[in-house]
Amino acid sequence: MRLGTAISEQGCRRCPLWVGTQVVSGKGPVPSEWMFVGEAPGREEDRVGMPLVGASGRLFDKLLKEAKIDRGAVFVTNVVKHRPPENRKPKISEIKACAEWLKIEIRAVKPKTLVTLGKVAAEAIVRLTGRVEKVSMEMEHGQGRKRVVEGEEVWHVCMYHPAAVFRQPELWPVLVMDFQKLQAVGTGGVGEYRLVEEEELEGMWRVAWISS
Ligand code: URA
């Protein structure tokens, strides 16, 4: 099933973001165990027509490597499918207008684990469960929570957005650790795992987790 083509062909005009930009829909195998949801396309994504391929995307690729997850095996998308001007945060009206596409993607991909990158994506997924709640990244990052999204039970894991590292480099080891824990989600719960080893190698943090 070519989800991306379906969205592009329909030429979405549900919000004003379409003017001067192209649709950047999700990319990856359908169905897939893993789905990663970012915020919105940036300049490079708008140019190429693919999600998370710019500067944030390169960090994302490194994080997937840390998690031993093959990018080719995961579905990657954004809450909003057109680039907001000057990379500003998408407005609630734009997120709501685009939610139908995200729902279509989730129903097709049927992920077991749905990983959101940043607060905008985390809150968009919570909203799809019918609740309107703020997500505290400080409290929630790296935690797996069971949620029912589009009728399916998924593990929802909130991550800091990789781009947050550009403003707060100290978040990099946190992101690396959270990604390394991803494989443990659903196998007893991330909360049941504890850090046993931590070392810094060539500026990158490596951690090992065992079930406590
Ligand atoms: N590019 C994307 O595709 N998504 C983001 O969230 C950021 C940059």
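**Exercise 1. Where does Pro31 lie, and what is the peptide bond from Val30 to Pro31: cis or trans?**

Solution. The model is predicted.
- Step 1: Find the two elements α1 (3-10) and β1 (34-38); Pro31 lies in the loop between them.
- Step 2: Look at omega for the bond from Val30 to Pro31, which is near 0 degrees. This peptide bond is cis.
- Step 3: Set this against the general rule. Most peptide bonds are trans.

**Exercise 2. List the residues around the ligand and sort them by class.**

Solution.
- Step 1: The residues around the ligand are Gly38, Glu39, Ala40, Pro41, Gly42, Glu45, Pro51, Leu52, Ser56, Asn78 and His161.
- Step 2: Sorting this shell gives four nonpolar, five polar and two charged residues. Glycine is counted as polar here.

**Exercise 3. Describe polar contacts of the ligand, using a cut-off of 3.5 Å between N or O atoms.**

Solution.
- Step 1: Start with a nitrogen atom of the ligand, which lies 3.0 Å from a polar side-chain atom of Glu45.
- Step 2: Turn to oxygen. A polar backbone atom of Leu52 is 2.8 Å from an oxygen atom of the ligand.
- Step 3: In the side chain of His161, an N or O atom is 2.7 Å from an oxygen atom of the ligand.
- Step 4: Consider how the ligand is covered. Taken alone it exposes 240 Å², and the protein buries 92% of that.

**Exercise 4. Locate Leu52 and give the sign of its phi.**

Solution.
- Step 1: Leu52 is found in the loop between α2 and α3.
- Step 2: The phi of Leu52 is positive, at about 50 degrees, although Leu52 is not a glycine.
- Step 3: Again, compare with the general rule. Most residues other than glycine have a negative phi.

**Exercise 5. Which pocket holds the ligand, and what lines this pocket?**

Solution.
- Step 1: The ligand takes up space in the largest pocket.
- Step 2: The volume of the largest pocket is about 920 Å³. It is lined by 37 residues, and the closest to its centre are Glu39, Lys89, His161, Ala163 and Arg167.
- Step 3: Helices that each supply at least two lining residues are α2 (43-48), α3 (55-66), α4 (92-109), α5 (119-128), α6 (137-140) and α7 (164-167). The most comes from α5, with five residues.
- Step 4: By class, the lining of the largest pocket has 16 nonpolar, eight polar and 13 charged residues.

**Exercise 6. How many cavities of 30 Å³ or more does a search of the whole structure find?**

Solution.
- Step 1: The search finds one.
- Step 2: The largest cavity has a volume of about 50 Å³.
- Step 3: Among the residues lining the largest cavity are Cys12, Cys15 and Cys98, as well as Arg14, Lys81 and Glu94.
- Step 4: This lining divides into six nonpolar, one polar and three charged residues.

Methods: Residues are numbered from 1 along each chain as its sequence is written. This is a predicted model: local features need pLDDT of at least 70, side-chain atom pairs count only at pLDDT 80 or more; totals for chains, interfaces and linings use all residues. Side-chain values use heavy atoms; hydrogens and water are left out. A residue is near a molecule or strand if one of its heavy atoms lies within 4 Å of it. A polar contact is a pair of N or O atoms within 3.5 Å; within protein, one must be able to donate a hydrogen and the other to accept it, and residues adjacent in sequence count only if both atoms are side-chain atoms. Accessible areas come from the Shrake-Rupley method with a 1.4 Å probe; for residues, only the protein chains shown count as cover. On a 1 Å grid over the protein atoms alone, a cavity is a set of points where a 1.4 Å probe fits but cannot get out, and a pocket is an open set with protein on both sides within 12 Å along at least five of seven lines; lining residues have an atom within 4 Å of a point. A molecule sits in a cavity or pocket if more than half of its atoms lie within 2 Å of its grid points. Grid points are joined across faces, edges and corners, and a volume is the space filled by probe spheres set on the points. Helices (H or I, at least four residues) and strands (E, at least two) are DSSP runs, numbered from the N terminus.
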